[in-house]
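I set out below what I looked up in this structure, entry by entry. Ring contacts come at the start, followed by charges, a helix, backbone angles and a surface patch.

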Amino acid sequence: MLDILNDISGFVWGPPTLILIVGTGLYLTFRLGFLQLTALPYALKFAFSPKRQDKKSKGDISHYQALTTAMAATIGTGNIVGVATAVVVGGPGAVFWMWITALFGMATKYSEAVLAVKYREVNSKGQMSGGPMYYLEKGLKAKWLGVTFAIFGAIAAFGIGNMVQANSVSDALQSSFSVPTWVTGIILTILTGLVILGGIKIIGKVTAFFVPIMALFYIAGGLVIMIMNFELIPAAVGLIFTDAFTGSAVGGGILGTVIRYGVARGVFSNEAGLGSAPIAAAAAKTDYPGRQGLVSMTQVLFDTIIVCSITGITLVMANMYSDGLDGAPLTSASFSAFLGDAGGYLVTISIVFFAFSTLVGWSYYGEKCFGYLFKSERAISIYRIAFVFVVFYGAIELIDVVWLMADIMNALMAIPNLIGLLGLSGVVVYETKKFMKVAKAEKEEEKAAKAKSA
């Protein structure tokens with residue numbers, strides 16, 4: 001069974017799927033005129049300025065809460081474990097290709113959010129529902145693709161968004177602090193239930209508070225290492241760039257391996273193209289799809305360009321990726337090489353935070369997919385309860401089959417979503433042009449107001 005699933009996973013995450021994901025980002029980048037670069041300052045200002053949060057438009061949560069909910073789901077163990085695996089198998093150059101994937105992934109993430117807001121619906125409780133399943137049905141007129149995405153998404157949430165994350169937390173706490181897995185399982189189940197049973201408004205409030213703290217905690221640790229060892233940074237960054245085009249650090253100097261693992265881990269990290277994050281974007285209070293699209297695309301910047309870079313550069317600086325370690329142990333050893341035991345504890349605590357946040361974020365994705373399939377609030381309640389109880393099982397025992405199944409489901413989510421993005425790219429361009437006129441007018445009004453007050 002494991003061999004069969006391994007073969008399927010290798011096939012669905014093979015070069016064709018990765019090329020489709022990056023190719024879609026590249027295509028959207030050119031169609032949108034490199035929007036992720038030209039509009040980034042405006043997007044950052046809008047995402048984090050309290051006075052710019054839309055409180056009047058339809059929606060369940062603010063721009064910022066929608067962003068942090070999506071970041072909660074994507075800033076996970078992949079930022080620690082995934083980057084380490086990429087560097088071990090693909091060499092330091094894989095980090096460069098993660099950056100390239102993120103650059104084009106920002107255009108993909110923007111487009112997903114635009115379509116999610118444009119085609120969202122209001123359910124019987126007055127809450128927003130949106131995401132790939134809705135824009136595939138209403139925009140592309142392909143309901144069967146929407147149903148396909150929802151099935152894969154609802155299943156994937158139990159694996160990659162639940163059991164895998166719960167197991168990562170229990171394993172980390174057991175190995176570092178000798179906490180029994182069943183104790184972690186009970187505590188994690190209770191905490192998860194308190195958050196997700198309250199719905200998106202509670203999830204949004206928790207992630208708005210929780211995500212910045214956990215991200216800054218990890219980033220601060222990485223920055224301390226870089227500041228204390230500043231002289232190692234030029235050589236590390238130089239190696240990342242040179243190895244990206246030579247593959248010299250990989251056995252046999254296989255450049256294709258460097259690119260493949262850099263792209264794959266970049267996609268796993270920021271989820272651009274998978275269709276998960278737009279489900280959170282659809283809940284945002286916003287007047288124009290383009291406005292939330294700009295906010296959503298900053299998620300990729302923080303996830304891959306910043307958090308993954310902290311891990312990647314630290315790993316290259318420590319130069320332990322050829323010593324037989326991989327995944328979390330390699331990242332832990334690398335941080336410990338510079339910070340002593342504190343480095344290992346920092347990585348362990350970060351894994352706990354990152355995994356729990358992913359669990360919370362994916363619970364919302366899963367329930368929205370399930371709700372799309374069954375159109376019932378009772379069905380969503382049942383899904384939430386089942387999700388909470390599965391957390392305990394994941395904490396005490398994770399079967400390899402679960403990871404592989406989740407891996408396959410993620411790829412199968414991406415395919416219908418990418419079809420939708422390509423097919424509806426014209427709609428994205430139209431909505432972008434419409435909003436840019438509004439944004440330009442708003443800037444002129446602000447300038448006029450400042451000049452008048454002066």
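**Entry 1: Aromatic pairs**

I looked up Phe435 and found it buried, at 0% relative accessibility. I take buried to mean under 20% relative accessible area, exposed over 50%, and partly exposed in between, with a 1.4 Å probe and protein chains only. I note that the model is predicted, so local features need pLDDT of at least 70 and side-chain atom pairs count only at pLDDT 80 or more, while totals for chains, interfaces and linings use all residues. Residues are numbered from 1 along each chain as its sequence is written, and side-chain values use heavy atoms, with hydrogens and water left out.

I then searched for aromatic pairs and found 19 in the structure. For these, rings of Phe, Tyr and Trp (its six-membered ring) must have centres within 6.5 Å; planes under 30 degrees apart count as stacked, over 60 as edge-to-face, and the rest as tilted. Phe435 pairs with Tyr42 in a tilted arrangement, at 6.3 Å centre to centre and 55 degrees between the planes. Since Tyr42 lies in helix α4 (residues 40–48) and Phe435 in helix α20 (residues 425–453), the pair ties together parts that are 393 residues apart in sequence. Helices (H or I, at least four residues) and strands (E, at least two) are DSSP runs, numbered from the N terminus. Tyr42 is also buried, with a relative accessible area of 11%.

I checked Tyr134 and Tyr372 next: their ring centres are 5.1 Å apart and their planes stand at 75 degrees, so this pair is edge-to-face. Tyr134 belongs to helix α8 and Tyr372 to helix α17 (residues 341–374), and the pair links these distant parts of the chain, 238 residues apart. Both Tyr134 and Tyr372 are buried. I also recorded one aromatic cluster, formed by Phe96, Trp97, Trp99, Phe241 and Phe245.

**Entry 2: Salt bridges**

How many salt bridges does a search of the whole structure find? I obtained six, each requiring a side-chain nitrogen of Lys or Arg within 4 Å of a carboxyl oxygen of Asp or Glu.

One of them joins Glu367 and Arg384, at 2.7 Å from N to O. This pair links distant parts of the chain, Glu367 in helix α17 and Arg384 in helix α18, 17 residues apart. I find both Glu367 and Arg384 buried.

Lys434 bridges to Glu431, with the closest N and O atoms 3.7 Å apart. The two are three residues apart in helix α20 and therefore separated by about one helical turn. Lys434 is partly exposed at 34% relative accessible area, whereas Glu431 is buried at 3%. Salt bridges with shared partners join Lys118, Glu431 and Lys434 into one network. I add that the charged end of Lys118 sits over the ring of Tyr119, 5.8 Å from its centre; the criterion is NZ of Lys or CZ of Arg within 6 Å of the ring centre and within 35 degrees of the ring normal.

**Entry 3: Helix α8 and the loop after it**

Helix α8 covers residues 132–139, and Pro132, Met133, Tyr134, Tyr135 and Leu136 in it are buried. Lys138 of this helix meets Glu121 in a salt bridge of 3.8 Å, N to O. Glu121 lies in strand β1 (residues 121–122), 17 residues apart from Lys138. Lys138 is partly exposed, at 29%, and Glu121 likewise, at 31%.

Lys141 follows α8 and has a positive phi of about 60 degrees although it is not a glycine. I place Lys141 in the loop between α8 and α9 (143–177), where it counts as exposed at 69% relative accessibility.

**Entry 4: Nonpolar patch**

Which residues form a nonpolar patch on the surface? I list Trp182, Ile186, Ile187, Ile190, Leu191, Leu194, Tyr393 and Ile396, with about 780 Å² of accessible area together. Patch residues have over 30% relative accessible area and no salt bridge; like charges are joined within 9 Å, nonpolar side chains (Val, Leu, Ile, Met, Phe, Trp, Tyr) within 5 Å. Accessible areas come from the Shrake-Rupley method with a 1.4 Å probe, and for residues only the protein chains shown count as cover. The largest share, six residues, comes from α10. Ile186 is found in helix α10 and is partly exposed, at 38%.
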